[in-house]
Amino acid sequence: MSATSLLTASAAPRTAAASVLDPEASGTVMSRNIPADEFRAAMASLAAPVTVVTCYDDTGTPRGLTASAVSSLSLDPPLILVCLDRGSRTHDVLTGATAFTVHLLGPENEVLARKFAGPTDQRFENVPLATGPTSHHAPQLADSALRLTCARHDVIEAGDHTILVGRVAASDCLGRPAGGLVWHHRGFAHARPVEAR
């Protein structure tokens with residue numbers, strides 16, 4: 001990728017050295033977008049956590065999807081964000097729900113991650129749900145090592161995605177290491193702590 005593909009020249013011609021990467025440069029505006037395939041390829045190098053996000057729809061039916069654009073956002077208050085593709089059939093249900101649960105998946109949960117990325121009407125088939133104090137707010141997947149139940153805090157439109165911000169109200173842990181399933185270079189990868197030397 002060429003750095004100059006991110007930049008546009010000002011009215012006066014500039015050399016490659018005079019760019020927005022140079023704090024002394026003035027008048028250079030970044031108004032051009034990187035090509036979609038180039039951006040996609042670059043983002044494939046960014047390892048991302050694999051999660052399943054669930055909620056109930058207006059009829060009380062469990063709904064959910066696999067999401068990898070998930071991050072902690074704030075400690076006080078405790079906020080987490082999930083980026084949702086507006087083209088997803090689950091988008092409107094999740095952004096409209098008053099509560100949702102983010103399930104952190106481990107390497108043993110690849111099948112679960114694939115299932116929730118598959119056909120919408122089959123996602124909860126043969127998937128055991130947990131019962132507990134927060135399960136009436138949002139569906140709880142029994143096989144997830146860590147579940148974060150959130151109240152909807154904010155919904156922010158951003159390009160072709162929506163950022164769903166949740167205030168974490170409860171954390172349910174099954175007592176085994178959580179996380180470790182990541183999406184990297186367009187496939188699943190397993191993350192583990194580096195052993196102390």
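Reader: Before we look at Leu65, what do helices and strands mean here?

Author: Glad you asked! Both are DSSP runs, numbered from the N terminus. A helix needs at least four residues, and a strand at least two. Please keep in mind that this is a predicted model.

Reader: How many helices and strands does the chain have, and in what pattern do they follow one another?

Author: The secondary structure comes to three helices and ten strands. Read along the sequence, the pattern is α-β-β-β-β-β-α-β-α-β-β-β-β.

Reader: Which strand holds Leu65, and is this residue buried or exposed?

Author: Leu65 sits in strand E3, which covers residues 62-67. Its relative accessibility is 8%, and buried means under 20%. Leu65 therefore counts as buried.

Reader: Which residues does Leu65 contact beyond its neighbours in sequence, and how far is its C-alpha atom from that of Thr120?

Author: Let's set aside the neighbours within four places in sequence. Leu65 is then in contact with Thr51, Val52, Val53, Leu84, Ser88, Thr90, Leu94, Phe116 and Arg123. As for Thr120, it lies 55 residues from Leu65 along the chain, and the two C-alpha atoms are separated by 8.1 Å.

Reader: What share of the contacts in the chain with a separation of 6 or more joins residues 24 or more positions apart?

Author: Contact here means heavy atoms within 4.5 Å. Among contacts with a separation of 6 or more, residues 24 or more positions apart account for 62%.

Reader: Which residues touch the most other members of the largest nonpolar core, and which element gives the most to this core?

Author: Nonpolar side chains tend to be buried together in soluble globular proteins. The largest nonpolar core has 16 residues, and Val53, Val82, Leu94, Phe100 and Val102 touch the most other members. Strands E2 (51-56), E3, E5, E6 (99-104) and E7, along with H2, each give two or more residues to this core. The element that gives the most, with three residues, is E5.

Reader: How many residues are in the other core, and which are among them?

Author: This other core lies apart from the largest one. It has ten residues, among them Phe124, Val127, Leu141 and Leu181.

Reader: Which residue forms a salt bridge with Arg86, and why does the pair tie together parts that are apart in sequence?

Author: The closest N and O atoms of this salt bridge are 2.7 Å apart. Arg86 lies in the loop between strand E5 (79-85) and helix H2 (91-96), while its partner is in strand E7 (residues 146-158), so the pair ties together parts 71 residues apart in sequence. Arg86 is partly exposed at 39% relative accessibility, and the partner is partly exposed at 49%. That partner is Glu157.

Reader: Is the salt-bridge partner of Arg63 buried or exposed, and which residue is it?

Author: In this pair, the closest N and O atoms are 3.8 Å apart. Arg63 is buried, and so is its partner. The residue is Asp57.

Reader: Which helix holds both Glu110 and Arg114, and how many salt bridges does the chain have?

Author: The side chains of Glu110 and Arg114 meet in a salt bridge, at 3.8 Å from N to O. Glu110 is partly exposed at 23% relative accessibility, whereas Arg114 is exposed at 52%. They are four residues apart, about one turn of the helix, and both lie in H3 (residues 110-115). The count of salt bridges comes to three.

How values were computed. Residues numbered from 1 in each chain as written. Predicted model: local features only at pLDDT ≥ 70, side-chain atom pairs only at ≥ 80, totals over all residues. Heavy atoms only, no water. Buried < 20%, exposed > 50% of the residue type's maximum accessible area, 1.4 Å probe, protein only. Salt bridge = Lys/Arg side-chain N within 4 Å of Asp/Glu carboxyl O. Core = buried A, V, L, I, M, F, W, Y, C linked by side-chain atoms within 4.5 Å.
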